[in-house]
Amino acid sequence: MNSLKRAACSVVARAPRSAGLLAVSLLLVAFATNALAHAVTEGDKGYIMEISGINLIPFLYLGAKHMVTGYDHLLFLFGVIFFLYRMKHIAIYVSLFAVGHSTTMLLGVFFEWNVSSYLIDAIIGLSVVYKALDNLGAFQRWFGFQPNTKAATLIFGFFHGLGLATKILEYNIAPDGLLPNLIAFNVGVEIGQLIALAMILIVMGFWRKSPGFWRHAYNANVAMMSAGFMLIGYQLTGYFVA
């Protein structure tokens, strides 16, 4: 995988930087309008706050909906699989992310870990920036070594899950049936992740077969990195202003 990254960087470094500007702009606009990707819609928020008892199907649906519409999660997953071609490798990395995400989401809500959502979401933005830089081979050029990508995926998965937990805690879910509902929500998140991953892989499969993949790989990762910086700035501003 590292050789693929180095090859991508050497090829795209010579490519015209104007290629793919439309795709970059669309990605940034989409991300900017959904900077609070962990937030739940007002309708869902009201539903969560009103119901009590075990409601497995609704929470399963809400979990899947959150992942499919969670742009921070999707950007990170997009970066993780960008240079992964074998399903075995994709399964390993996605599983690590799922383990990290599930662990802190469940524990964070169940034990009421009150952490600033602004700071957590800023770290999530950092995870997107990190993955884009990793794909561009920046760490090898700057520091002369390659960070452990599996460990990074797991660690950032912890923060993604904690980010969701901080939002769920704001909605004061009824303690009656809390654990079954949380498990159902988490199962829904993983179902949504599989759906989102399938869509990303389909698009990536067609893109990789096109002549423009290597030309636009640089732009795609720069766009992803820019979106990550936007999220960091947005959340830190909220933290200091709030």
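This passage covers model confidence, the packing of helix 4 against helix 10, and the surroundings of serine 127.

The structure is a predicted model. The mean pLDDT of the chain is 82, and 82% of the residues reach at least 70. Confidence is lowest in helix 1 (residues 2–12), where the mean is 43. Over residues 1–37, pLDDT stays under 50, although the model has 61 contacts beyond four places in sequence for this stretch. Where pLDDT is low, the predicted coordinates should not be read in detail. The highest confidence in the chain is that of helix 7, at 94.

Two packed helices are described by the angle between their axes and the distance between the axes. For helix 4 (residues 56–69) and helix 10 (residues 178–209), the axes come within 6 Å and cross at roughly 40°. The two helices are therefore oblique to each other, and their crossing is right-handed. The residues of this contact comprise 14 nonpolar, six polar and no charged. On the side of helix 4, the contacting residues include Leu56, Phe59, Leu60, Gly63, Ala64 and Met67. Helix 10 contributes, among others, Pro180, Ala184, Phe185, Gly188, Ile191, Gly192 and Ile195. Polar members of the contact include His66 in helix 4 and Asn181 and Gln193 in helix 10.

Serine 127 lies in helix 7, which spans residues 117–135. The relative accessible area of serine 127 is 0%, so this residue is classed as buried, the cut-off being under 20%. When residues up to four places away in sequence are not counted, serine 127 touches Phe76, Phe156 and His160.

How values were computed: Residues are numbered from 1 along each chain as its sequence is written. This is a predicted model: local features need pLDDT of at least 70, side-chain atom pairs count only at pLDDT 80 or more; totals for chains, interfaces and linings use all residues. Side-chain values use heavy atoms; hydrogens and water are left out. Helices (H or I, at least four residues) and strands (E, at least two) are DSSP runs, numbered from the N terminus. Buried means under 20% relative accessible area, exposed over 50%, partly exposed in between (1.4 Å probe, protein chains only). Contact means heavy atoms within 4.5 Å. pLDDT is the predictor's confidence in each residue, from 0 to 100. Axes are lines fitted to C-alpha atoms, for helices over the stretch in contact, and angles run from 0 to 180 degrees between N-to-C directions. Angles under 35 degrees count as roughly parallel, over 145 as roughly antiparallel, 65 to 115 as roughly perpendicular and the rest as oblique. A crossing is left-handed if the near helix is turned anticlockwise from the far one by less than a right angle, and right-handed if clockwise.
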